[in-house]
Amino acid sequence: MRKVIGILGGMGPLASIDLQRKIVEETEAKTDQDHLHVITDCNSQIPDRTAAILYGGQDPLAEMIRSAKRLEEAGAELLLIACNTAHYYLEELQRHVCVPFVSMIDPAIEEAIRQGARRVTVLSTTATQATGLYEKSCRENGIEVIGLDEADQELLMSVIYGVKAGNVDAGVNEMKELILRKQREGADVFFLACSELPVYFQAHQSELRGIFIDPTQTLAKKAIVMAGGLLK
């Protein structure tokens, strides 16, 4: 029996579209009817997660709960969050709905293990770094994390907020240097651990070279299987 997928989106809008597109692209289908039923609540009014977690900004939880309940009431049977940083709130969100959430982080870690990653760098928002959403799971699985300095993190935040504003071309040369430097330091795999980053890296795949794990893609694949669809 197939299940309806609900996407808690808007964080940001392009990231939500990217997740739904990857669900479509990763599904084995010959007709419309072979695809899964997906409902997306692209709620761009959810307050900024990094601002809330690190700087005392407006709490996004109440608005996220409203989105989750809308999806549940609309018939969603699995819930996905198209935002890595928002997983900081996952346990609290789950308390407010009966429909299960599927973590974005777990399948990404599973993919790193499958690829035999030994040393990784997590490319993410400052809040995802500060809360250790990926680092804890990496270390539990014997994967060393090669960190970022303050300048690296400032570059990432500039790129991430550029994508949110519709600009996917900011800081490409600087990002290329960051990747090369971390590779020299021993990173064999990079997590694109902010849902804007897969959009950015896709736009510059000829320039930004390396082994990149896209948590949006690994989440899409896991959701397809859990919802009863067929993977390509």
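Me: What makes the largest pocket a pocket, and what is its volume?

Reply: Its volume is about 480 Å³. The search runs on a 1 Å grid over the protein atoms alone, and a pocket is an open set of points with protein on both sides within 12 Å along at least five of seven lines; a cavity is a set where a 1.4 Å probe fits but cannot get out, and lining residues have an atom within 4 Å of a point. Points are joined across faces, edges and corners, and the volume is the space filled by probe spheres set on them. This is a predicted model, in which local features need pLDDT of at least 70, side-chain atom pairs count only at pLDDT 80 or more, and totals for chains, interfaces and linings use all residues. Residues are numbered from 1 along each chain as its sequence is written, and side-chain values use heavy atoms, with hydrogens and water left out.

Me: Which residues are closest to the centre of that pocket, and which elements give two or more residues to its lining?

Reply: Phe212, Ile213, Asp214, Gln217 and Thr218 are the closest of the 22 lining residues. The elements are α1, α5, α10 (197-203), β7 and α11, where helices (H or I, at least four residues) and strands (E, at least two) are DSSP runs numbered from the N terminus. The lining splits into seven nonpolar, five polar and ten charged residues.

Me: Why do you say the largest pocket lies between the domains?

Reply: Domain 1 (5-103 + 217-227) and domain 2 (105-215) both give residues to its lining, so that's where it lies. The bounds come from an automatic or database domain assignment.

Me: And why is the second largest pocket placed between them too?

Reply: Again both domains give residues to the lining, so this pocket also lies between them. It has a volume of about 220 Å³, and His87, Tyr88, Ser103, Gly132 and Lys136 are among its lining residues. α4 (90-94), α5 and α7 (135-140) each give two or more.

Me: What makes the lining of the largest cavity four nonpolar, four polar and four charged?

Reply: Go by residue type: Ala, Val, Leu, Ile, Met, Phe, Trp, Tyr, Cys and Pro count as nonpolar, Asp, Glu, Lys and Arg as charged, and the others, Gly among them, as polar. Met11, Cys83, Tyr161 and Cys194 are therefore the nonpolar ones, Thr50, Thr85, Thr125 and Ser195 the polar ones, and Asp48, Arg49, Lys164 and Glu196 the charged ones. α2 (49-55) and α8 (150-164) each supply at least two of the lining residues. The cavity has a volume of about 80 Å³, and a search of the whole structure finds one cavity of 30 Å³ or more.

Me: Why is Thr125 called buried?

Reply: Buried means under 20% relative accessible area (over 50% is exposed, in between is partly exposed; 1.4 Å probe, protein chains only). Thr125 comes out at 5%, so buried it is. Thr125 sits in the loop between β4 and α6 (126-131).

Me: How do you know that β4 and β6 pair?

Reply: Two strands pair if DSSP finds at least two bridges between them. Four bridges join β4 (residues 119-123) to β6 (residues 189-192), so the pair qualifies, and the strands run parallel. One of the partnerships is Thr121 with Phe190 in β6. β6 and β7 have two bridges, also parallel, and Phe191 stands opposite Ile213 there. The open sheet reads β5-β4-β6-β7.

Me: What makes β5 and β7 edge strands?

Reply: β5 (144-145) and β7 (212-213) each pair on one side only.

Me: What covers the description of β1 as mostly covered?

Reply: Five of its five residues are buried. Ile5, Ile7 and Gly9 lie on one side and Gly6 and Leu8 on the other. β1 is joined to β2 (residues 38-42) by five bridges, in parallel.

Me: Which residues have the most contacts inside the largest nonpolar core?

Reply: Ile5, Ile23, Leu80, Tyr134 and Phe191, in a core of 32 residues. At least three residues come from each of the two domains. A core here is a set of buried Ala, Val, Leu, Ile, Met, Phe, Trp, Tyr and Cys residues joined through side-chain atoms within 4.5 Å.
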